[in-house]
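Me: I'd like a close look at one part of this protein, and then a walk outwards from there. Could you keep it friendly, since I'm new to this?

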Amino acid sequence: MMRSCMQTFRDELIGHMPAMRAFARTLCGDAARTDDLTQDAVLRAWAKRDSFTPGTNMRAWLFTILRNGYFSQLRRRHLEVADPEGRRAAAVVVPASQQEGLKMRDLRRALAELPPSQREAIILVGAGARSYEEAAAISGCAVGTMKSRVSRARRALFRFGIDVGARDAV
């Protein structure tokens, strides 16, 4: 890569880091793992910068790297202590005193109950405001599959008492 291309790549990568961190936070659920996942994705992207095609969608490329890193971490987690209901984490964390904090905690718990593919779909399309097409490209699935995952995730969240609302297909 020429110096100007490398600088452009670097600047664009830095510009996408807040969105990467937000996506990582919704996947991981805690700040420390979010930071680790984001840092790992940035390092992987930097190491593979020569494989990025300028002019293509860098955000989708970065989100794919981040997503793949997340699922790799999940596969390695078999040695860790499971805390699916967050009881151990809740014992360490001070409960929120504001209503919004409580709603966010409930949302995180409900998201943690979703299968990873549905959680990813609802985050990309719902919170991330991605089109179904872009979300499908990031996840490596068909658009119809993405729509189905989002629909199932919305129904599941509604059963947890969380209404994420409907969104027109983009």
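Which residues are exposed on the other side of α2, away from its buried residues?

Reply: Before we zoom in, keep in mind that this is a predicted model. On the other side of α2, the exposed residues are Ala32, Leu43 and Ala47.

Now for the helix itself. α2 covers residues 31–47, which is 17 residues. From its first C-alpha to its last, α2 reaches 24 Å, close to the 24 Å expected at 1.5 Å a residue. Its buried residues are Thr34, Leu37, Thr38, Ala41, Val42 and Ala45. If you look down the axis of α2, these buried residues fall within an arc of 130°, so they line one face of the helix. Try turning your view until you are looking along the axis, and find that face. Then look on the other side for Ala32, Leu43 and Ala47, which are exposed.

Let's step back for the setting. The protein chain has 8 helices and 0 strands, so, reading along the sequence, you meet the pattern α-α-α-α-α-α-α-α. Of the 170 residues in the chain, 34% are buried. Take the contacts between residues at least 6 apart in sequence: 63% of them join residues at least 24 apart.

Back to α2, and what comes just before. Asp30 sits in the loop between α1 (3–28) and α2. Is Asp30 buried, partly exposed or exposed? Its relative accessible area is 30%, which makes it partly exposed. Asp30 and Arg108 are 78 residues apart along the chain, and their C-alpha atoms are separated by 9.6 Å.

One of the buried residues of α2, Leu37, gives us a link to another helix. The C-alpha atoms of Leu37 and Gln73 are 8.7 Å apart, although 36 residues separate the two along the chain. Gln73 belongs to helix α3, residues 58–76. With a relative accessible area of 17%, Gln73 is buried.

From α3 we can hop to α7. The buried residues of α7 pack against α3, α6 and α8. Which residues of α7 are buried? They are Tyr132, Ala135, Ala136, Ile138 and Ser139. Around the axis they cover an arc of only 160°, which puts them on the same side of α7. Just after this helix, Gly140 takes a positive phi of about 70°.

Next, see how α7 meets α8. Two packed helices are described by the angle between their axes and the distance between the axes. For α7 (residues 132–139) and α8 (residues 143–159), the angle is about 100° and the axes are 8 Å apart. That makes α7 roughly perpendicular to α8. On the α7 side of the contact you'll find Tyr132, Glu133, Ala135, Ala136 and Ser139; on the α8 side are Val143, Met146, Lys147, Arg149, Val150 and Arg154. Sorted by type, the residues of this contact are 6 nonpolar, 1 polar and 4 charged.

α6 (residues 116–127) packs with α8 too, at an angle of about 95° and with the axes 8 Å apart. So α6 is also roughly perpendicular to α8. Here Ser117, Gln118, Ala121, Ile122 and Val125 in α6 meet Met146, Arg149, Val150, Arg152, Ala153, Arg154 and Leu157 in α8. These residues divide into 7 nonpolar, 2 polar and 3 charged.

What does α8 look like by itself? It has 17 residues and reaches 25 Å from its first C-alpha to its last, close to the 24 Å expected at 1.5 Å a residue. Its buried residues are Met146, Arg149, Val150, Ala153, Arg154, Ala156 and Leu157. Seen down the axis of α8, they fall within an arc of 165°, so they line one face of the helix. The face turned away from that buried side carries the exposed residues Phe158 and Arg159. Just after α8, Gly161 takes a positive phi of about 85°.

Our last stop is Leu111, in helix α5 (residues 99–113). At 8% relative accessibility, Leu111 counts as buried. Leaving out residues up to four places away in sequence, Leu111 touches Arg119, Ile122, Ile123 and Leu157. Leu111 and Phe160 are 49 residues apart in sequence, with a C-alpha to C-alpha distance of 9.5 Å.

Terms used: Residues numbered from 1 in each chain as written. Predicted model: local features only at pLDDT ≥ 70, side-chain atom pairs only at ≥ 80, totals over all residues. Heavy atoms only, no water. Axes fitted to C-alpha atoms, helices over the stretch in contact; angles between N-to-C directions. Helix = DSSP H or I, 4+ residues; strand = E, 2+ residues; numbered from the N terminus. Parallel < 35°, antiparallel > 145°, perpendicular 65-115°, else oblique. Contact = heavy atoms within 4.5 Å. Nonpolar A, V, L, I, M, F, W, Y, C, P; charged D, E, K, R; others polar. Expected span 1.5 Å × (residues − 1). Buried < 20%, exposed > 50% of the residue type's maximum accessible area, 1.4 Å probe, protein only. Arc of directions from axis to C-beta.
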